[in-house]
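Thanks for coming. I will go through one structure this morning, in a few short parts, and I will keep to what can be read from the coordinates.

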Amino acid sequence: MTAKATTSATFEQDVLQAEGPVLVDFWAEWCGPCRMVSPVLDQIQSEHPEKITIMKLNVDENPDLAMKYQITSIPAMKVFHKGEVQTTIIGAKPKFALEQDLAAYLG
């Protein structure tokens, strides 16, 4: 199981109305660190599918959401729960560091 894409059109349903925590990976095609962190997020998603949902949002294709959530550098990841941002993670990190940042959700 890998991270699914979300867009401005589906963000409300995919993220804000989701049952459990949702990590949104704000990324772009041209971003090298984004491409490095993507398989790590896919791995975390496949290992913890019942605990967290991981969605990808292309900031070039959805600039309205990038602006709304004040994305100034990518990769940026925000964990939403009950429609609110709970955690923000900036930059590409190795798996163990991301798992530490997400420990409250992966528990």
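Let me start with Q70, which is exposed because its relative accessible area is 66%, where anything over 50% counts as exposed. Before I go on, please keep in mind that this is a predicted model. Q70 sits in the loop between α3 and β4. Its phi is near 55°, a positive value in a residue other than glycine.

There is a second residue of this kind, K82. Its phi is also near 55°, again positive and again not in a glycine. K82 is placed in the loop between β4 and β5. With a relative accessible area of 65%, K82 is exposed.

The loop between α3 and β4 that holds Q70 also holds P75. What is the peptide bond from I74 to P75, cis or trans? It is cis, with omega near 0°.

Now the sheet. In what order do the strands of the open sheet come? The order is β1-β3-β2-β4-β5, five strands with mixed pairing. At the edges stand β1, residues 4–5, and β5, residues 84–90; each has a single partner strand, so one side of each is left without a neighbour in the sheet. As a reminder, strands of a sheet pair through backbone hydrogen bonds, either parallel or antiparallel. In this sheet, β4 and β5 run antiparallel and are joined by 6 bridges. One residue to remember from here is F80, whose bridge partner in β5 is V85.

On the helix side, α2 lies across β2, β3 and β4. Its direction relative to β3, which covers residues 53–58, is about 155°.

Next, the rings. How many aromatic pairs does a search of the whole structure find? It finds 4. I will take two of them. F11 and F80 form an edge-to-face pair, with 5.6 Å from centre to centre and 85° between the planes. The two residues of this pair come from distant parts of the chain: F11 is in helix α1, residues 11–16, and F80 is in strand β4, residues 76–81, which puts them 69 residues apart. Both ends of the pair are out of the solvent by the accessibility criterion, since F11 is buried at a relative accessible area of 3% and F80 is buried at 1%.

Then there is the pair of F26 and Y69. Their ring centres are 6.4 Å apart and their planes meet at 45°, so this pair counts as tilted. The reasoning is that planes under 30 degrees apart would be stacked and those over 60 edge-to-face, so 45° falls in the rest. This pair, too, links distant parts of the chain, with F26 in strand β2, residues 22–27, and Y69 in the loop between α3 and β4, 43 residues apart. F26 has 0% relative accessibility and counts as buried. Y69 is at 12%, and because the cut-off for buried is under 20%, Y69 counts as buried as well.

Put together, ring pairs link F11, F26, Y69 and F80 into a cluster.

One further ring is worth a mention, that of W27. The charged end of K56 sits over this ring, 4.8 Å from its centre.

Moving along the chain, we come to A28, in the loop between β2 and α2. Is A28 buried or exposed? It is buried, at 0% relative accessibility. Which residues does A28 touch, leaving aside those up to four places away in sequence? They are C34, N58, V59, D60 and I74. Of these contacts, V59 is 31 residues from A28 in sequence, while the two C-alpha atoms are 5.9 Å apart in space. I74 is the residue we met before, at the start of the cis bond to P75.

C34 brings me to the last part. The structure has a count of 1 disulfide, and it joins C31 to C34, with 2.3 Å from S to S. That counts as a disulfide because the cut-off is 2.5 Å. The link is right-handed, with 80° about the S-S bond. C31 is buried at 4% relative accessibility, and C34 is buried at 1%.

That is the end of my part. I will take questions now.

Technical notes. Residues numbered from 1 in each chain as written. Predicted model: local features only at pLDDT ≥ 70, side-chain atom pairs only at ≥ 80, totals over all residues. Heavy atoms only, no water. Buried < 20%, exposed > 50% of the residue type's maximum accessible area, 1.4 Å probe, protein only. Phe/Tyr/Trp six-rings, centres within 6.5 Å; stacked < 30°, edge-to-face > 60°. Helix = DSSP H or I, 4+ residues; strand = E, 2+ residues; numbered from the N terminus. Lys NZ or Arg CZ within 6 Å of the ring centre and 35° of its normal. Contact = heavy atoms within 4.5 Å. Pairing = 2+ DSSP bridges. Axes fitted to C-alpha atoms, helices over the stretch in contact; angles between N-to-C directions.
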